[in-house]
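Grab a coffee and work through a few exercises on the structure below. Each one has a task, then a solution in steps.

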Amino acid sequence: MSASRSEITSALGPDGPGRDGPGARGPERDGPGPGSDLLAALLDGMDAALCAFDAEGVLTHWNREAERILGWSPAEAVGRPGFAGWAVRSADADEVQGRLMASMHAPGRQVHEFALLRKDGGRVLVRTQSAGVRGADGGPAGVYCAFSEVHAQIDLERSIALSEALFDDASWGVVLVDVDLRPTVVNRRAARMLDTGGRTASLGRPLGELIVQGVEELEGALHHVLAEGAPGAPAELWVTLRSGEQRRRCWRSGFLRLASPLAEEPVPLGAAWLFQDVTEDKLREQEADRLRFRYSQLHRAARAVAECEDPMEAATAQVDFALAGFADHALFDVAAGERLVRAAATPSGAPGPVARVAGAGIPVRYTPGHPALQALDRVGTVLVSASANARAETWAAERQWPRDAVHALCTVLRSRGRTLGVLTFVRAVNRPAFERPDAVYAENVAMRVAAALDLAGVSGERG
């Protein structure tokens, strides 16, 4: 707008244009030469409608956007004394003209809203910005007026307001990235979720410096958006941040491709990434799904066990059903006096069903303080995991567990007030450590296994 204003000022000149009737003035009549051609091109290329009046209120300029909005061509508009009788109702003409021409003597730009008439007789509400033009002597030489349809202006203001709201108060994190996938704008919520310490701290940095796990999926989604456009539905990405608490988070993410509205063909400016933390909701959903599956397995196991004639077969079947989705290996040791004897286990080399151990009867060589012995002493459940610097195979071998064991859960087998042994579940490195909900499930399985062992005649450690 400021560039257009300076061009109009120089076009009007110190003496102002003449007034010889319609079509006698306008960009095409300013005289030959590249200056007038440049002015005409600038005026016609503007996105806003623009007109100008001389000091007497006669129209001197009228561009293509003004013609598009109102339907009057420059030849029909230029040279008319104001809007009266053609572009505004007669009843409103004096007020409109007076407010516009008052801008010639007022400082800065004046903003007004008027109802103008189109050539076809329809009315259109426009918002105008008008300002005075000074001649070489510093005196008033005329007025220029830029106007646009109010609904278009309101749409623009809404878009700006939406952008401001997204970057200030949105409940979603918003990050704009360039075509190199480097953040260019980060709103307050996103800065908190990314734990960057501020909106500008992550600008220009690769996403891999902010996210440790999940960055490949995020960058893949952004590349797809830049190449193909936004996906049809939000995606759920699990990520772990490089800073702050090292826990996995689930972000429900939506993506938009940003293209320049000024280019003839869409030119990607980058992508917008909108995301919301739904970790707690997803964990609750996962826990609910896990519980449904586990108790479905217990139900299936109960039906299978009811068909077993051999109590030991029933015990191993119960553990087989419990292993699905829960652990990689299982083994149970029965009490023989003060010692534990291996009764059944899964194959140590590869996954497989729980089977009785050949030559059972030899006590297991558990060292003092072994988790299974701790479970016996506590008459409860013990959870253990290998330390980060421990060698997994050595750690597992020392405890008489399968060599890929990294996490273990030991719980006692009790029936009729007696401890009959210990049931151990083992997870490999690709699974998370056992937690308290896992212990509750394992204890439920252990009660059923203990009942089968009791039927098998296992006497137990304590009477």
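For what follows, a salt bridge is a side-chain nitrogen of Lys or Arg within 4 Å of a carboxyl oxygen of Asp or Glu. This is a predicted model, so local features need pLDDT of at least 70 and side-chain atom pairs count only at pLDDT 80 or more, while totals for chains, interfaces and linings use all residues. Residues are numbered from 1 along each chain as its sequence is written, and side-chain values use heavy atoms, with hydrogens and water left out.

**Exercise 1.** Count the salt bridges, then work out which parts of the chain Glu-76 and Lys-119 tie together.

*Solution.* Start with the count: the rule gives 23 salt bridges. In one of them, Glu-76 pairs with Lys-119, and their closest N and O atoms are 2.7 Å apart. Next, place the partners (helices, H or I with at least four residues, and strands, E with at least two, are DSSP runs numbered from the N terminus). Glu-76 sits in helix H4 (residues 74-77) and Lys-119 in the loop between strand S3 (110-117) and strand S4 (123-134), so the bridge ties together parts 43 residues apart in sequence.

**Exercise 2.** Is each partner in the Glu-113 and Arg-127 bridge buried or partly exposed?

*Solution.* First, the contact: these side chains meet in a salt bridge at 2.7 Å, N to O. The pair links strand S3, home of Glu-113, to strand S4, home of Arg-127, 14 residues apart. Now apply the cut-offs: buried is under 20% relative accessible area, exposed over 50%, and partly exposed in between (1.4 Å probe, protein chains only). Glu-113, at 37%, is partly exposed; Arg-127, at 19%, is buried.

**Exercise 3.** Find out how many disulfides there are, and check Cys-51 and Cys-145.

*Solution.* A disulfide needs a pair of cysteine sulfur atoms within 2.5 Å. Searching the whole structure turns up 0. For Cys-51, the nearest cysteine sulfur belongs to Cys-145, 4.4 Å away. As for cover, Cys-51 is buried at 0% relative accessible area, and Cys-145 is buried at 1%.

**Exercise 4.** Which residues of helix H6 are buried, and which exposed residues does the face turned away carry?

*Solution.* H6 covers residues 150-168. Its buried residues are Val-150, Gln-153 and Phe-167. They cover an arc of only 125° around the axis (taken from the directions from the helix axis to the C-beta atoms), so they lie on the same side of H6. The face turned away from them carries exposed Arg-158 and Leu-162.

Terms used
Expected span 1.5 Å × (residues − 1).
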